Structure formats: C-alpha cells, structure tokens
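Here is a walk through a few spots worth finding in the viewer. Keep the sequence open alongside, and take the stops one at a time.

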Amino acid sequence: MSVSDLKLRLLNRLRAAGKPAISIGIDLGTTKSCLAYARYDPGANTLECACVAFAQPDGSRSVAFPSAIAQQGGQRVFGAQALALRKMRGMRPERDLFYETKNLMGLRYTFKDSPADMRDPTDVAAALVGHMRVQARERVPQPVNAPVVVTVPAAFHGAQRLATMQAIERAFELPGGAGKVRLLDEPYAAFVDLKYREPERADALLHEGANILVFDFGGGTCDVAIFRIDAARGGTLGARLIGTSRYHRLGGGDIDRAIVHDVLIPQLLAQHGMQGWDVSWETKSRELERQLLDPAERLKIALSTKLAEYDTAGLAVADDLSCSSIDREIDCDGKRLTFKRPTLDAAAFNKLLVSFLDPEPVPEAGDEFVLRNSMFAPILQALVRARIERDDIHGVLLCGSSSLLAPVRKALAKFLPKAEHVLLGGPEDLQSAVARGAAIQALSLQILGEPVVAPVSSSDVSLKLAEGEAVLCRAGDAVPQHAPAPILLRPPRKCCHGGLDIAVEVLSDGKRSAGRSLWYLPAPVDPGEPLELTWRMDENQCVELRLARPNDPNTERFVKCFDAPIMHRDMSQFVRCRLLEREERIRNDQIPRAELGTAYEEHAKDCAALGEYQKALHFVSLAMQEQGEQRGLLNLRGIYRERIGNLDGARDSYERAGDWSTTQFNLALLHHKSGRQDQAMEKIELALQTNSSRPYHVLRGDILDKLGRRDEAKLEWRDAIDGKLDLDAQDDFALGWMESAARRLDESALLKRIQERRRKIDVGVVRVPQQGELPARYEARDAKPKDMAA
C-alpha cells in the first residue's frame with residue numbers, strides 16, 4: 001500500500017459499507033499505557049483516530065494512563081491515584097502497590113501476599129486495561145468489533161506475548177485463543193501511525209531499500225528495532241525486521257532513580273550527618289526511593305525544560321543552574337527526617353546522564369538501585385544483529401516520552417549524523433503514537449481483511465543437519481506459514497543398544513543457533529529409516545517443530561516451540577529472570593531449609609554480577625544466618641563492602657576469614673589500592689605460601705613496583721606469564737591479571753591473544769560440548785528393500 005493512500009482506502013471501503021465502525025488499539029506500557037480508537041461516522045463520512053484522554057486527580061486529562069494499581073483497605077485505585085499512594089507509609093510493592101510489572105509477564109513469578117485476583121503480572125495487566133476500558137466508554141461505545149490490537153516490544157518472547165494476549169482477552173471479556181486479540185510489534189505500530197498522520201513525510205522516509213531504526217525510549221524501557229523497507233506486496237507495506245534489542249530497565253524511570261540515589265538521598269543524609277552505608281539497601285530501595293521518585297521526576301522535567309530553553313536561545317549553561325522543590329518530611333528507619341529544598345543542578349544532572357548517553361557503553365553498569373545502561377547499548381546490539389553499520393541507517397523514528405529530552409536527541413543525532421531523524425510530535429503525540437497505530441491496524445483488519453503491516457519472517461530459518469541444513473523458510477516470507485509437506489530426515493548412524501539422542505537445532509540465517517533440544521530414539525536405530533519433520537511459524541515468528549518416526553509409532557513424538565530466531569538475548573536478562581524465579585521459590589517455601597543458605601549465597605552472587613552490591617550484602621547476611629560465618633561468605637561480604645566504599649568493613653570481613661589464601665589476596669589488594677604497600681606485601685607473601693597461581697604473582701609484582709623495586713616486579717610479572725600457558729584453561733579472573741602483566745612487559749603478541757580469549761568469554765562464544773547427534777538428510781537410496789528389512 002502506498003503510504004499516501006492508506007486513509008483513502010479505508011474511507012472508500014467504509015463508505016461502501018455505509019455503517020459505523022470502531023476499532024481499539026492498546027499500548028500496554030511499562031510505566032504508562034494508552035487506549036486509542038479509530039472511528040468512522042457514515043453521516044459525516046469522517047474517520048477519526050485518537051487516544052482517550054483520562055481524567056486525572058488534579059482535574060486535568062491525559063492520554064497517558066500510569067500503569068499502576070494500588071489496594072488500600074477495601075478500595076482499589078488505578079493510574080495516577082495509585083502512584084500517589086506509593087509515598088505513604090505502609091504501602092508495600094507487590095502487596096498493596098503494583099507498577100512496572102509488564103517486564104514480569106510470561107515469567108514464573110507471582111505476588112505472594114497480594115489479593116487473590118492480583119497474584120501475577122497478567123492479573124495486573126488485565127485489571128489495568130479492564131479499568132481503562134470502563135473509563136473510556138463515553139468515547140468508545142460498546143461493544144467493539146474484533147480484533148482488538150495490543151502492541152508488544154519487538155523483542156518480547158513467546159511466553160510474554162501469550163501472557164499479553166491473555167490479559168487483553170480477560171480485560172475485554174473475549175474468548176481465549178479465538179483470534180479476537182491480535183498482537184502488533186510496537187515499532188510497526190509507530191510506522192502505521194506515521195503513515196496515517198503524516199503520509200508525505202512517511203513517503204520520504206519509508207522508501208524501498210531504506211534501513212529504518214525505530215528508537216522507542218519510554219519511561220521504563222528502551223526498545224530498538226531496525227527494519228528494511230521492501231517493495232509493497234498486494235497493497236501491504238513490506239517492512240522486514242532485521243535486528244532488535246530491548247533493555248527492560250532503561251528508561252526515564254531509571255533517570256529518575258539515578259536522581260533519587262545519586263542526588264536526593266545523599267542530600268538528605270548529609271543534612272542529617274549520615275553516611276551512605278548508615279542506611280541499608282532495603283531502606284533506600286523500599287522506603288526512601290518511593291517517597292522521592294515524584295520530586296525526582298518533577299525536578300528532571302523542570303531542569304530539562306530550562307536546559308532546552310537555554311539550548312534554543314544559544315545560551316551557555318552554568319553548572320549551578322538548578323531547580324528546587326519544597327521541603328518534605330521523609331520516613332527513614334522509623335524516624336521522621338525533614339528534607340530541606342531538594343535540589344537538582346545542571347552539573348549533577350549532566351554527570352548522572354553520562355552513563356545513559358555513553359556512545360561506547362560497557363556491558364552493563366549500575367547498582368541495585370539504578371541500572372545505568374547507555375541508550376546506545378541496544379542500538380549497537382541491534383546494528384550487530386542486523387549486520388549493518390551506523391552509516392547504513394537512512395532514517396530514525398523517535399517515539400517514547402524520554403525521546404523528548406534534549407540531551408537524548410542531541411546525542412542520537414551525533415551518533416547517527418547521516419540519517420533523517422523524525423520525532424513523532426510533542427509529548428501527547430509521542431505517548432499515543434503506538435496506540436494509534438494499533439487502532440488503525442485493527443480497523444484495517446476489520447474493514448479490509450488485511451493488516452497495514454503484514455508480518456514476515458525476519459531471517460532464513462533452517463534445521464541444522466549433520467551436513468548442511470534443511471531450509472524451512474526464507475527471510476521476507478509471509479507468516480504465519482507451515483510446511484507444505486513433511487521433510488524427510490534420517491538418523492546419523494546405526495545404534496543397536498541404548499538408543500540415540502537426536503539433536504534438534506534451529507538456525508537463523510544459517511549461522512546463529514536459535515535453540516537446541518534433544519529427541520530420544522529407542523534402539524534399534526537404523527540410518528536408513530525415515531524421520532518426518534513438520535513445522536509451522538506463527539505471526540510472532542515463533543517456530544514449532546514436530547518430528548515423528550513413522551516406522552515405529554511407539555516412539556514418542558518430538559514437539560517443541562522455539563522463540564523467534566530474530567530475538568536478542570542478553571545475559572543480564574537471563575540473570576534477572578533467574579533472580580526473580582529463585583525469589584519466587586524462596587517466598588513460597590519451595591527450597592528445603594538445608595539448601596536455603598546455598599540459595600541465598602547464589603542469590604547474592606547473581607546480584608553482584610549485576611552490580612547490585614548492597615542487595616548482595618543483604619543476601620550474604622541471610623546466608624550467614626543459615627550457614628554461619630563461613631570464610632567464603634566472609635570473603636564475599638568483604639568484596640561487596642569494598643565495592644560500596646565501606647573499606648573498614650571490607651578489611652574487617654577479610655581478617656575474620658582467617659589465613660585463607662583467597663582473603664589474604666583480597667586483603668593485600670585492598671592495602672595496595674589504599675597505598676599501604678608494606679601491609680600489602682605482608683599479606684601477599686602469606687597468601688603465596690599456599691597459593692602460587694598467576695594472579696598472585698602479578699599482584700606481588702604490582703606491590704613491588706609501588707615500593708620502587710622495578711626489577712623484582714618485572715621478574716614477578718614474567719613468572720605470571722611464562723611456562724606452559726594454556727589460555728583456554730584460564731578463567732576470566734586469571735586472564736585479567738595476566739593481561740595486566742603482559743601489558744606491563746610490552747608483550748604485544750601475548751596481550752592480543754589474552755584479549756581475544758577474554759572477548760570470546762564475554763560474548764559467550766566459547767565452545768562448549770554439545771549433546772546429541774545431528775540428523776542427516778534422507779535420500780531415496782537410504783531406504784532398504786522390503787525383503788531386507790528384517
């Protein structure tokens with residue numbers, strides 16, 4: 001469909017039908033949600049598409065409805081009313097207050113202490129959208145014709161998509177699984193909105209062969225998707241997703257949290273003569289944060305507005321340019337503290353924005369309070385996934401409320417200078433663009449019987465074979481689709497006893513593994529027997545494989561659904577899911593008491609892996625309550641105390657662990673970094689008596705160097721990298737110290753090898769043993785004559 005005739009085509013079909021029509025689109029957001037409608041009036045021959053403006057507690061109206069629910073006594077409140085209660089004493093998240101729960105959908109996670117009808121994130125989403133539906137009745141007459149279209153991030157996996165559909169079915173009282181609710185990826189919805197509202201601008205941007213980056217920087221997430229615009233097919237826009245990435249804790253809300261923890265809490269504590277570690281992780285995250293988020297957001301908006309005005313006028317910004325709020329009374333560990341004039345100045349704001357706007361981001365930054373990922377991290381990951389360079393991007397479509405921040409737009413324009421940047425309007429337009437696009441998609445499905453944007457396969461999808469691959473579908477093929485006929489495979493070898501594990505591995509573009517599983521074939525197994533493969537890909541690009549053994553009906557069939565091969569998976573997200581699911585087992589008493597201490601310890605390590613050191617200390621303390629002051633736990637406590645700046649506490653933990661070489665090493669390192677080289681030498685000498693591994697020699701060399709004994713230091717560094725050196729056998733900790741020694745000795749060849757090995761560990765391409773054997777392609781000559789079958 002050419003961009004400019006979308007509205008005309010819809011109007012022509014509606015006029016021919018001569019009946020009123022209305023459709024609904026939902027943008028279920030992490031922090032704010034929108035409900036849009038597209039309505040045709042046959043009398044006036046007009047087509048209107050808009051978002052419902054909901055009443056706010058202050059009497060105003062807004063299209064952005066906060067994704068929050070609160071339970072206070074027997075009363076349930078929604079939206080802004082619910083958020084206003086989070087600063088009240090006694091309101092506890094996941095019991096009385098539910099917000100930013102979208103990212104938990106599709107996980108095995110429940111709200112244990114919540115009301116019976118709010119036990120999981122899908123319950124919360126259903127209740128929220130159901131309330132919005134009721135509130136919108138004066139603008140959206142009931143009933144609404146199906147389908148209802150709800151948007152999801154392009155990187156949502158299958159379970160998250162299913163949970164979203166189920167929530168909307170419940171909210172609109174629609175039968176489950178009947179196709180009455182359709183999904184649309186949020187970047188596609190932004191496309192549709194641009195086509196409908198600004199056809200000329202869309203024509204210029206969405207030309208054939210263009211690579212378009214959709215940058216959706218909202219209140220709670222940062223979604224990036226890259227599309228290639230293909231030729232229109234049968235009147236439908238050909239836009240193929242070639243790369244996506246999603247950071248579900250990177251948004252305006254994280255900037256608000258950074259203001260709370262970097263600026264406001266230190267101000268509050270300083271006013272009352274307290275240090276950062278005088279207040280626990282729980283108090284900061286569960287008590288202080290909820291009371292200070294509102295003033296943090298207001299200060300951010302006020303200062304951002306000032307900065308934008310200065311930028312427009314071409315005026316220099318002084319570091320002390322600031323905004324202040326009124327005095328507040330803050331509850332802190334049972335005390336009532338007066339917070340005098342909370343203030344945010346330009347210097348502090350620019351400092352905390354550095355990590356969010358870093359064009360060369362670290363893998364993940366932050367702590368247990370704030371994730372400080374750069375907005376460029378998902379962009380770079382999407383570019384890698386799409387196999388294109390930044391200069392190959394022709395257009396950037398900006399949506400999401402945080403895209404309005406002037407520093408964000410300026411940094412993005414500098415990063416992608418050759419692309420045309422299109423901002424989808426002001427605050428209300430940005431907030432409602434995705435929901436409007438969903439409403440137009442719903443109307444097109446209802447009236448034209450086809451989507452505005454048709455889903456296609458984003459990559460070649462195949463099954464890996466012992467030699468080559470069996471192609472299932474090609475990039476750009478329409479979905480849903482399925483195998484026209486079974487694909488014949490065969491076992492790779494003969495097996496008379498014990499059976500054979502067949503490896504079933506899905507490939508994306510012939511290279512990247514999109515998933516792997518095993519199918520057991522009981523003995524006897526013959527390499528000449530056929531195996532039948534059938535498959536189907538749904539409109540979400542999830543692939544279901546079925547394998548059967550037609551000559552042996554007693555063998556259990558293989559049935560497995562693999563997530564869309566295009567999905568980007570980030571290790572930090574795996575760790576977060578593991579944390580959530582372990583917390584679920586702990587809260588529901590599903591871990592035996594004898595294993596509880598180990599579970600707390602593993603939880604602490606996962607928290608630390610994400611940089612959440614105060615939270616990690618909390619779980620180390622719980623582990624000690626179960627296991628006692630074991631030296632391993634004392635060592636962890638020392639490391640985490642050191643990371644939050646509590647050096648005296650760290651030294652005390654290491655010393656309490658006794659003469660263990662590991663804690664002596666860490667104590668030596670602590671003294672070394674603090675400039676106490678004599679004490680550092682004493683501790684590393686003690687550690688080397690029982691452990692002479694390479695990192696210990698590197699540290700001793702570093703200490704000698706600081707003591708002015710350079711020649712002896714070089715000998716220690718040489719000891720650390722000489723001898724039989726198997727880099728594949730070294731972990732990242734040892735490699736890091738060896739890298740330091742190689743750099744100090746100018747061993748450039750070895751340094752390059754170590755860095756390459758560390759890079760492979762970091763991106764997860766280190767080869768690991770694979771289970772199972774790949775099937776082979778079945779050829780007619782493989783079949784045995786019937787008289788030889790016995």
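## Thr555 and its surroundings

In this predicted model, the side chains of Thr555 and Arg549 make a polar contact at 3.1 Å. To find Thr555, go to the loop between β28 (543-548) and β29 (558-562). Is Thr555 buried or exposed? Its relative accessibility is 6%, and since anything under 20% is classed as buried, Thr555 counts as buried.

Which residues does Thr555 touch, once those up to four places away in sequence are set aside? The list is Trp519, Tyr520, Leu521, Pro522 and Arg549. So Arg549 turns up both as a contact of Thr555 and as its polar partner through the side chains.

## The β25-β26 hairpin

Strand β26 covers residues 512-521, and its partner here is β25 (residues 500-508). These two strands pair in the antiparallel sense over nine bridges. One pair to click on is Ala503 and Leu518, the latter being the bridge partner in β26. As background, strands of a sheet pair through backbone hydrogen bonds, either parallel or antiparallel.

Three residues sit between the strands of this hairpin, and Asp509 there takes a positive phi near 55°.

## Two cis prolines

Past β26, look in the loop that leads to β27 (531-537), where you'll find Pro524. The peptide bond joining Ala523 and Pro524 is cis, with omega at about 0°.

There's another cis peptide bond between Val479 and Pro480, this one with omega of about 5°. Pro480 has its place in the loop between β22 (469-473) and β23 (481-482).

## A three-stranded sheet with a helix across it

Next up is an open sheet of three strands, in the order β8-β7-β9, with antiparallel pairing. β8 (75-78) and β9 (97-99) are the edge strands; each has a single partner, so one side of each is left without a neighbour in the sheet. On average, neighbouring strands in this sheet are turned by 10° against each other, ignoring direction.

How many bridges join β7 to β9? Three, with β7 (residues 68-72) and β9 running antiparallel. One of the pairs is Ala70 with Leu97, the residue on the β9 side. Helix α3 (residues 121-135) lies across β7, β8 and β9, and runs at about 95° to β7.

## Positive phi outside glycine

Between β9 and α3 there is a loop, and Glu100 is found in it. Glu100 isn't a glycine, yet its phi is positive, near 50°. Its relative accessible area is 22%, so Glu100 falls in the partly exposed class, which starts where the under 20% class of buried residues ends.

Asp333 is another non-glycine with a positive phi, about 55°. You'll see Asp333 in the loop between β16 (328-332) and β17 (335-339). With 45% relative accessibility, Asp333 counts as partly exposed.

## Thr164 in helix α4

Now jump to helix α4 (residues 158-171), which holds Thr164. Thr164 is buried, at 2% relative accessibility. A polar atom of the Thr164 side chain lies 2.8 Å from the backbone oxygen of Gln160. In general, an α-helix has 3.6 residues a turn, so residues three or four places apart point the same way.

What else is in contact with Thr164, leaving aside neighbours within four places in sequence? Leu28, Met105, Val150, Val152, Phe156 and Leu183 are. Thr30 is also worth a look: 134 residues separate Thr164 and Thr30 along the chain, while their C-alpha atoms are 12 Å apart.

## Helix α12: bend and burial

Last stop is helix α12 (residues 427-447). How far apart are its end C-alpha atoms? They are 30 Å apart, which agrees with the span of 30 Å that 21 residues should give at 1.5 Å a residue. There is also a bend of about 45° in α12 at Ala433.

Of the 21 residues of α12, 18 are buried, so the helix is largely enclosed by the rest of the structure. After α12 comes Gly449, where phi is positive, near 75°.

Key:
Residues numbered from 1 in each chain as written. Predicted model: local features only at pLDDT ≥ 70, side-chain atom pairs only at ≥ 80, totals over all residues. Heavy atoms only, no water. Helix = DSSP H or I, 4+ residues; strand = E, 2+ residues; numbered from the N terminus. Expected span 1.5 Å × (residues − 1). Bend = angle between axes of the 7 residues up to and from the residue. Buried < 20%, exposed > 50% of the residue type's maximum accessible area, 1.4 Å probe, protein only. Pairing = 2+ DSSP bridges. Axes fitted to C-alpha atoms, helices over the stretch in contact; angles between N-to-C directions. Contact = heavy atoms within 4.5 Å. Polar contact = N/O pair within 3.5 Å; in protein donor to acceptor, adjacent residues only side chain to side chain.
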